[in-house]
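Welcome! Please take a moment with the sequence and the 3D view below, and then we can walk through them together.

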Amino acid sequence: MTSSETSRYVRLRVDLVLEVTERDELTDAALRRIGDDEYMPDEERAHARAAVREDEAEALAYLVEPFQLVGEVPGVELVQASWSSEQAAYDPDVDAWLVDDDDDFDDDDRDDSDADGSGADRQ
């Protein structure tokens with residue numbers, strides 16, 4: 001690709017730490033999303049339901065929609081998305097949680113498993 005072709009693509013990285021304040025509400029919302037997914041095979045649906053009942057991070061991953069972050073932004077089209085969610089031991093007083101320009105993201109850290117453009121880990 002030439003530099004003019006690659007300059008059309010922008011990698012947007014977002015790192016969020018969320019506090020789950022209402023576990024039951026989160027789980028119920030994820031279960032509704034899974035139940036409403038007409039394209040999810042029954043075997044996968046059963047596995048997804050069990051996962052979100054056990055883990056808030058799994059429930060959140062089923063509810064996050066990267067398209068909603070940029071869907072209304074004029075002049076852009078979401079080409080590929082990948083996301084994950086995990087439990088975190090968060091302490092706001094620890095320097096490692098400070099947001100700065102030297103975060104851990106660089107081009108070498110990207111996950112090339114989606115290189116074929118097939119889509120997201122969770123949809």
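Against which helices do the buried residues of α3 pack? Before the answer, a word on what you are looking at. This is a predicted model, in which local features need pLDDT of at least 70, side-chain atom pairs count only at pLDDT 80 or more, and totals for chains, interfaces and linings use all residues. Residues are numbered from 1 along each chain as its sequence is written, and side-chain values use heavy atoms, with hydrogens and water left out.

Let us start with the overall plan. The protein has five helices and zero strands, so that its pattern along the sequence reads α-α-α-α-α, where helices (H or I, at least four residues) and strands (E, at least two) are DSSP runs numbered from the N terminus. Of its 123 residues, 17% count as buried; buried means under 20% relative accessible area and exposed over 50%, with partly exposed in between (1.4 Å probe, protein chains only).

Now find α3. This helix has 13 residues and reaches 19 Å from its first C-alpha to its last, close to the 18 Å expected at 1.5 Å a residue; the expected span is 1.5 Å times one less than the number of residues. Its buried residues are Arg45, Ala48, Ala51 and Val52. They lie on the same side of α3 because they cover an arc of only 130 degrees around the axis, taking the directions from the helix axis to the C-beta atoms. Turn to the face pointing away from that buried side and you will meet the exposed residues Asp42, Glu43, His47 and Glu54. And here is the answer to the opening question: the buried residues of α3 pack against α2 and α4.

These helices come together again in the largest nonpolar core, whose nine residues are Leu26, Ala30, Leu31, Ile34, Met40, Ala48, Val52, Ala59 and Tyr62. Such a core is a set of buried Ala, Val, Leu, Ile, Met, Phe, Trp, Tyr and Cys residues joined through side-chain atoms within 4.5 Å. At least two core residues come from each of α2 (23–36), α3 (42–54) and α4 (56–63), and α2 gives the largest share, four residues.

Finally, zoom in on two residues. Leaving aside neighbours within four places in sequence, Leu31 is in contact (heavy atoms within 4.5 Å) with Arg49, Val52 and Arg53. Thr27, found in helix α2, counts as buried because its relative accessibility is 7%. With neighbours within four places in sequence again set aside, Thr27 is in contact with Val52, Arg53 and Ala59.
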